[in-house]
Amino acid sequence: MQKHVLSKSTFIRGLKCSKSLYLNKHNRDLKDELSEMQKAIFNQGDMVGELAQQLFPNGIDCTTKTFYNFEDAIKKTQLCIHGGKKVIYEAAFQFNGVLAILDILVKNENGWKAYEVKSSTSISKTHINDAAIQSYVIENSGLKLEDVFIVHINNKYVKKNELDLEKLFTVTSVKDEISKIEMDISKEIENQKKILNQKDIPPKDIGPHCTSPYNCDFIGNCWENIPKYSVFDISNLSQEKKFDLFKKGILKIDDIPTDYPLSKNQKIQVSCEQSNEKIINEIKISNFISELQLPLYYLDFETFSSAVPIFNNSKPYEHMVFQFSLHIQKERNGKTTHYEHLAVADGSDPRLNFIKNLIKSCRGSGDIIVYNKSFESSKIKQLAEAFPEYEIELKQLISRIKDLMVPFQKKWYYKKEMKGSYSIKNVLPAMINNLSYESLTIKEGGMASHTFSQMMSGTFKGNNQNARKDLLEYCKLDTLAMVEILNKLTLEVKCI
Ligand code: SF4
């Protein structure tokens with residue numbers, strides 16, 4: 001048997017970038033380390049794959065005992081096919097030096113059907129290429145496929161009592177899409193084999209392919225000469241213009257010519273960087289502040305999500321609230337009182353207690369200040385749909401929400417330290433010297449979400465009590481940050 005040199009995933013990698021293909025084979029040490037959150041995404045993908053097997057129960061699993069020895073899996077697959085098995089998981093095939101492992105292979109009265117499982121909620125071009133190379137290998141190994149399907153998550157599904165796998169998954173035939181692919185797969189395989197046999201790393205420059213349709217895992221290596229803050233950080237600048245500047249040898253924002261075509265907000269970012277000046281639109285900011293109704297309720301939520309819904313009346317990937325922090329301020333720039341809520345991570349639905357505490361803590365008439373209104377509003381709306389008995393009170397909360405992000409998003413206030421971003425993580429250190437997320441154990445929402453998810457599933461490896469303390473500290477800083485930012489804005493525009 002010819003030893004395989006490519007796998008389905010390395011072939012897809014090669015389509016994206018020849019250098020990535022080469023480095024993955026010969027210089028694996030240059031790969032970026034996987035973050036805990038990336039590992040969690042991979043684990044979730046594995047879990048979805050195992051769950052989808054239940055759509056076709058009682059299959060034979062051809063998984064190999066060792067990761068690099070696939071010959072046993074290929075032999076076992078052939079034995080299953082010729083031994084009359086109807087459902088095979090992780091079926092392994094090899095042709096022309098390419099190894100393909102298929103998630104689920106099923107035989108019915110019409111013939112064999114291939115199913116590839118994805119934890120995404122839609123089908124991408126990469127998924128079609130992926131299914132195309134699978135079919136190429138399987139069919140050329142001698143097994144005719146009647147159809148090829150992609151099984152993915154249906155994000156419209158609402159869980160009611162038992163998980164309904166038929167509704168959780170969408171099964172879509174991609175046979176027609178595969179037949180429309182113009183790529184000559186045999187030629188591409190030969191091309192990739194040649195690249196892998198080269199002595200030197202292919203001379204491929206960085207480009208939009210590094211981050212699209214997903215981030216390459218050699219970015220740390222290939223982008224090491226790009227400054228930490230560069231033309232690639234200009235807010236909403238098109239990839240075309242970013243790489244146009246890069247090709248002209250312009251990496252620092254300081255070096256962008258004054259006549260380079262940019263939008264109004266991009267010009268503010270570039271000119272503040274070059275001149276060291278800051279922007280304050282006093283009229284707009286004063287109007288914004290004077291319209292806020294006291295007392296002010298500074299509110300922030302933390303959420304977690306999972307591909308497979310855990311609780312009744314929830315959907316795949318729905319952001320489930322588990323924590324809030326609230327600072328209440330009765331007078332402009334006055335003292336604050338702090339309230340907080342953090343669900344017990346015991347696997348039970350955190351939403352009902354969250355709703356009750358939220359309504360109780362926000363009782364009153366003042367404005368609710370959040371940072372990025374669409375997030376908090378949509379979470380409250382989802383709660384109102386899932387728990388209609390609280391709909392009226394929850395919708396009243398939505399009507400009181402004001403967005404502190406607006407003055408920064410609209411660049412009414414901008415300092416070069418914000419680095420083109422209006423995220424609170426950039427705005428806070430740019431405005432307030434002694435407050436920052438840097439000293440916290442949990443520094444951003446993704447980490448909070450990941451920590452709580454692990455505590456819920458019982459897979460958290462740290463100390464739960466310490467983690468709860470870290471979660472409370474993180475969320476508290478989010479609302480304290482809003483208090484301090486609004487105080488500072490009020491003082492700067494003398495709106496007190
Ligand atoms: S970072 Fe970009 S250039 Fe480097 S290997 Fe990845 S895709 Fe290729």
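Begin by selecting residues 296-304, strand 9, together with residues 320-329, strand 10: in this predicted model, the two strands run antiparallel and are joined by 9 bridges. To see one pairing in detail, display Thr303, whose bridge partner in strand 10 is Val321.

Next, select residues 464-492, which form helix 19. This helix packs on the sheet, where it touches strand 9, strand 10, strand 11 and strand 12 (368-370). The direction of helix 19 makes about 45° with that of strand 10.

Now widen the selection to the whole sheet. It is open and has 5 strands in the order 11-10-9-12-13, with mixed pairing. Colour strand 11 (336-342) and strand 13 (401-403), which stand at the edges. Each has a single partner strand, so one side of each is left without a neighbour in the sheet. Viewed along the sheet, neighbouring strands are turned by 25° against each other on average, direction ignored.

The following stop is the largest nonpolar core, which comprises 57 residues. Show Tyr297, Ile369, Met482 and Ile485, the members that touch the most other members. Helix 19 gives the most to this core, with 10 residues.

Centre the view on Ile369. Leaving aside residues up to four places away in sequence, Ile369 touches Leu296, Tyr297, Tyr298 and Leu299, as well as Lys402, Leu404, Met482 and Leu486.

Finally, move to another core, of 44 residues, which lies apart from the largest one. Select Phe70, Tyr115, Val137 and Leu143, which are among its members.

Terms used. Residues are numbered from 1 along each chain as its sequence is written. This is a predicted model: local features need pLDDT of at least 70, side-chain atom pairs count only at pLDDT 80 or more; totals for chains, interfaces and linings use all residues. Two strands pair if DSSP finds at least two bridges between them. Helices (H or I, at least four residues) and strands (E, at least two) are DSSP runs, numbered from the N terminus. Axes are lines fitted to C-alpha atoms, for helices over the stretch in contact, and angles run from 0 to 180 degrees between N-to-C directions. Two residues are in contact if their C-beta atoms, placed from the backbone, lie within 7 Å. A nonpolar core is a set of buried Ala, Val, Leu, Ile, Met, Phe, Trp, Tyr and Cys residues joined through C-beta atoms within 7 Å. A residue is buried if 20 or more other C-beta atoms lie within 10 Å of its own, exposed if 12 or fewer, and partly exposed in between; C-beta atoms are placed from the backbone.
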